[in-house]
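Colleague: Thanks for making time. Could we go through this structure together, and could you tell me what stands behind each label as we go?

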Amino acid sequence: MDQLPVIIPISLLLFAFFTFLLGTVRRSLAYPLTLVGVATSLIASCLGLFRVLQYGAQHYYLGGWTPPLGIEYVLDHLSAFMAVIVTFIAFISIIYSRRSFLQEVPGKIVPLYSLMLLLLAGLTGIIVTGDLFNLYVFLEISSLAAYAVMAIGDDKAPIAVFRYVIIGTIGACFYLLGVGFIYFATGSLNMADVAQILPSLYGSRLIVVAAVFIVIGMALKMALFPLHMWLPDVYTYSPSAVIALIAPIMTKVGAYVLIRMLISVFLPNYLSNVLPVTLIIGWLAAIGIIVTSIMAISQTDFRRMLAYSSLAQISYVALGIGLANPMGLIGAMLHILNHAFMKGCLFEVSGAIRYRTGLWQIPQFAGLGRKMRWTMGAFTVAALSMVGIPPACGFFSKWYLVLGCVDASNWVFAAVVVASSLLNAVYFFRVLEKVYMTPPDTDTAVVEASDPPVGMLIPILILAGGIIILGIVNAVIVTQILEPVASTL
Amino acid sequence: METYFSLKPLIAVLVSLLSALAIMLSGRRPNIRELWTILGSITMFGVVFSMLPDVLSGKYPEIILFNVSPGIPLSLRVDAAGIIFGLSASLLWIITSIYSIGYMRGLCEKKQTSYYTCFALCLSATMGIAFAANLLTFVIFYEILTVATYPLVIHKETPEAIQAGRKYLAYLLTGEVALIVAIALTYQLTGTMDFIPGGFLGDIAGQYHLLGLFALFLIGFGMKSAVIPLHSWLPTAMIAPTPVSALLHAVAVVKAGVFGFVRVIGFVFGPTLFHDIGAGNLLAIMASITILVSSVLAMCQDNLKRRLAYSTVGHLSYILLGIALLSPAAWLGGLLHIVNHAAMKITLFFCAGAIYAKTHCEKVSELGGIGKQMPITMGAFALASIGLVGMPPINGFISKWFLGQGTLEAEQGVYLIILLLSSLLNAGYLFPIVRRAFFVQSNNRTKYAEASAFLLVPLVFTALLSLFLGLVPDGIFHFYHLAGDVARGVLSGGGR
């Protein structure tokens, strides 16, 4: 039980290796092995979350070396919460990916699965590690794996990903430089240790630069406005099942690192009072929400619309972080969870439509509502949740964020948060109208469309059901898991 | 305020949710589907009605469910105000269900399953609104109602209907986001959300701060209750099938907005504070403008349903005026008008629908001599028109009487003049229809041909209900008693 923090990334890492090894021998082994790897990690995360709720934070010292010398893995409320989200969404989208990969990229299943596991190992590693440099290592693992999986897509995918490689590398460099400066100033890389040393160094310019570099690096990774230009192309041209995995969780992990820096490295006082970092993040996010939502409205490609919508939603999270008060942070963290479900569901629906009809242009979706009933039902739930209609979970992220804005007496932010739900309404109801109200053109693939195979439909329905359930149980999540985190502010 | 635990409020909300589910699953067999609708509506009314004796004796059934936000539970409580709204909506749902069957089948409308499903969902949300015990619960159901009504508005699926749907969403979703900010602000100021008669929002912030808060509520609820200049979605939404216009756009949806004002003014702000910050005058003036302007606009409409929609806009503001005046009689009149207007306006819409189903006439100018062809329908129409104008013995007189008395109690005689003027204007847009129906000769409308019994019986019933409530305001449902209870409870602290 003590090894739980490390089991989460390690099982994924091991299975990435096994999947590749055994997968090259027998290709049919790749999928079950991947599923087992992710399931192990999911179970470990859930157990970890329960232990955290019962006994408080769980620490694991790698190789028995105690911090600050050794590397420490920590499961606290925040990291256990994130680990469960990442592994759960991964589990669902791996189930979903089987049929989708068979159709879209049949020859490349083995490398895809092992790279996806590697990617997940990186993401969960970022979440559980308590060491600043180790975080960088996992960041690179996840990024390199992500570049590779996303490049296996349409013809345009490699070009789109190339831009991501450049930007992602710059982001990682910024982060590494920041960590280097911190190490230079404090002589330590352990987060808890650094947090203790830093307050005496708050006057130092080195720390200012370190903080700014780390924040910029993470802003690039999470595609915060105006550093978001790489994302829409990547999300548009990669295989749909890959995006259904990456879109819900990858940028959120960037947001997680930001929250981690805010509450357990630099401490909130520094990033929001000494330096106006959170305020700047908040304002960038506010502008980003409006700009990217408007961009989303102007898209006719469904995948691209969802990509811009993802940008708007990550800005939502960033806005909550920028508020730097408990309610705002609760809203941000809850939205990480909610949005993972919503966007996962939406991208899986988009993949299912592509699977059945080969379409992704919204004007061609006319009449799909009657052909793909269950899929479109799930889409409707997710869309309404994005607009923020109760009892779907999207309403509650909006609710806590508005509470946070009101607490901070920041009326501009409050207006942006609610305006964003109206803009969401514009672009989602536009699709709903098309799907349900317009009769299908007789010559398109829609006429013969039907719900996707069960292997794809079940994950979609689980996520759609999860959207409602999360909305209903949100108070439990907030009081049990998120309030302890937010109370550190 | 005495409360006791009871499952009934929850059952009232869930029963139509379940029937929505059953309707959806039995889409292939129309008769069974309609059976679910009727069963659902009768059960709902039965449950609500069974709570009436307790509420009358001052014991309020209450159920507190799980928390929806830390410290704020989803809770339902049936108090006097809630049961007024709940009873009228659930009673009229039974009637509308019967009418819907005749109307939808008569016109061979498509997508009837989704129509009945959404209808049941709307009623579920309406019950939630009526019985919500705190602001967050209220807003949750309020938003569900908005979205559940949308598919009904665009039911015809013509480009025009889709346009109307867009307008509907644009207005109402905007209102709702204002509402969310408003309740968040309320929560931040007070740390509570429970409705308390007489209000819980003490003197905790500056006048302008509180006035700003009320402005947010005004945008939020003003959209649904169609206060000018936030009204224009309502006439547009008349593109929906007539039963939808009848029950939702004359009773459930729009009254939900008005009911929101009742809750916010009586149970959040409280009359004293509300008056002191000057919001009472603001709302009264807006309501008066709405009453006059909408009546004039109604006269300009040739489309019958649009004319009725503008009339609804005006009559909703009667209720708002009564609430804004903050005197006991005005509250009594306003609350009674929630029920009375519902009964009268639903009759008028039913008549319009029956005419449309029989003759496909939608315009007032085409109705010459229709009284000869459909005497019962137009008789009911005439009866309800008399009521809306405010003449005895129809129930409209009762509410208008108390409203008038309320203006004098509040020493605001000018509003009495507005009420009287508006009566004249009401007569100006309703009576010409009656006159044209009965006294204009028409060659092609000589023989008797009423719509089917499914349409006829409901409209006769609601017309008689209007008459009954006019003759015996406190009969069976004890609306008079209930409204009095609410007015006393709210105004006993700081009534004027």
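Colleague: Which residue stands opposite Ser69(B) in E3(B)?

Modeller: That is Ile72(B). Bear in mind that this is a predicted model. Ser69(B) and Ile72(B) bring us straight to the hairpin of E2(B) and E3(B), which has two residues between the strands. Gly71(B) in that hairpin takes a positive phi near 85 degrees.

Colleague: How do you know that E2(B) and E3(B) pair, and do they run parallel or antiparallel?

Modeller: Pairing takes at least two bridges between two strands. Strand E2, residues 59–69 of chain B, is joined to E3(B) by five bridges, so the two count as paired, and they run antiparallel. One of the partnerships is Ile63(B) with Leu76(B) in E3(B).

Colleague: What makes E1 and E3 of chain B edge strands?

Modeller: Each of them pairs on one side only. They are strand E1 (2–5) and strand E3 (72–77). The order in this open sheet of three strands is E1-E2-E3, and the pairing is mixed. From one strand to the next the twist averages 45 degrees.

Colleague: Why is Trp331(B) called buried?

Modeller: The cut-off is 20 or more other C-beta atoms within 10 Å. Trp331(B) has 32, so it is buried. Its place is in helix H14 of chain B. Leaving out residues up to four places away in sequence, Trp331(B) touches Gly322(B), Ile323(B), Val486(B), Ala487(B), Val490(B) and Leu491(B). There is also Gly266(B), 65 residues apart from Trp331(B) along the chain, with 9.7 Å between their C-alpha atoms.

Colleague: What does helix H14 of chain B give to the largest nonpolar core?

Modeller: Helix H14 (residues 328–359) gives the most to this core, with 21 residues. The core has 414 residues, and Val402(A) and Ile84(B) have the most contacts inside it. In soluble globular proteins, nonpolar side chains tend to be buried together.

Colleague: Which residues does Ile84(B) touch?

Modeller: Not counting residues up to four places away in sequence, they are Leu335(B), Ile338(B), Val339(B), Phe479(B), Leu482(B) and Ala483(B).

Colleague: Now the backbone. What makes the phi of Ser409(A) worth a remark?

Modeller: Its phi is near 50 degrees, which is positive, in a residue other than glycine. Ser409(A) sits in the loop between H17 and H18 of chain A.

Colleague: And why is Ser409(A) counted as exposed or buried, whichever it is?

Modeller: Exposed is the label for 12 or fewer C-beta neighbours within 10 Å. Ser409(A) has 10, so it counts as exposed.

Colleague: What about Ala226(B): is it buried or exposed?

Modeller: With 28 other C-beta atoms within 10 Å, against a cut-off of 20, Ala226(B) is buried. This residue also has a positive phi, about 55 degrees, although it is not a glycine. Ala226(B) belongs to the loop between helix H8 (207–224) and helix H9 (233–236) of chain B.

Colleague: How do you know that the peptide bond from Phe225(A) to Pro226(A) is cis?

Modeller: Its omega is near 0 degrees. Pro226(A) lies in the loop between helix H8 (205–221) and helix H9 (231–237) of chain A. In chain B, the peptide bond from Pro392(B) to Pro393(B) is cis too, with omega near 10 degrees. Pro393(B) is in the loop between helix H16 (375–389) and helix H17 (395–409) of chain B.

Colleague: Why is chain A called as compact as a globular protein of its length?

Modeller: Chain A has 19 helices and two strands. Its radius of gyration is 21 Å and the globule rule gives 23 Å for 489 residues; the two are close, so the chain is as compact as a globular protein of that length. Buried residues make up 64% of chain A. The C-alpha trace spans about 70 × 60 × 45 Å along its principal axes.

Colleague: Last one: how many residues of chain A are in contact with chain B?

Modeller: There are 21, in contact with 22 residues of chain B. Helices H17 (394–407), H18 (411–437) and H19 (454–486) of chain A each give two or more residues to that side, and H18(A) has the largest share, eight residues. By type, the side of chain A that touches chain B divides into 16 nonpolar, two polar and three charged residues.

Notes:
Residues are numbered from 1 along each chain as its sequence is written. Chains are lettered from A and ligands numbered from 1 in the order in which they are written. This is a predicted model: local features need pLDDT of at least 70, side-chain atom pairs count only at pLDDT 80 or more; totals for chains, interfaces and linings use all residues. Two residues are in contact if their C-beta atoms, placed from the backbone, lie within 7 Å. Helices (H or I, at least four residues) and strands (E, at least two) are DSSP runs, numbered from the N terminus. Ala, Val, Leu, Ile, Met, Phe, Trp, Tyr, Cys and Pro count as nonpolar, Asp, Glu, Lys and Arg as charged, and the others, Gly among them, as polar. The radius of gyration is taken over C-alpha atoms; the globule rule is 2.2 Å times the number of residues to the power 0.38. Axes are lines fitted to C-alpha atoms, for helices over the stretch in contact, and angles run from 0 to 180 degrees between N-to-C directions. A nonpolar core is a set of buried Ala, Val, Leu, Ile, Met, Phe, Trp, Tyr and Cys residues joined through C-beta atoms within 7 Å.
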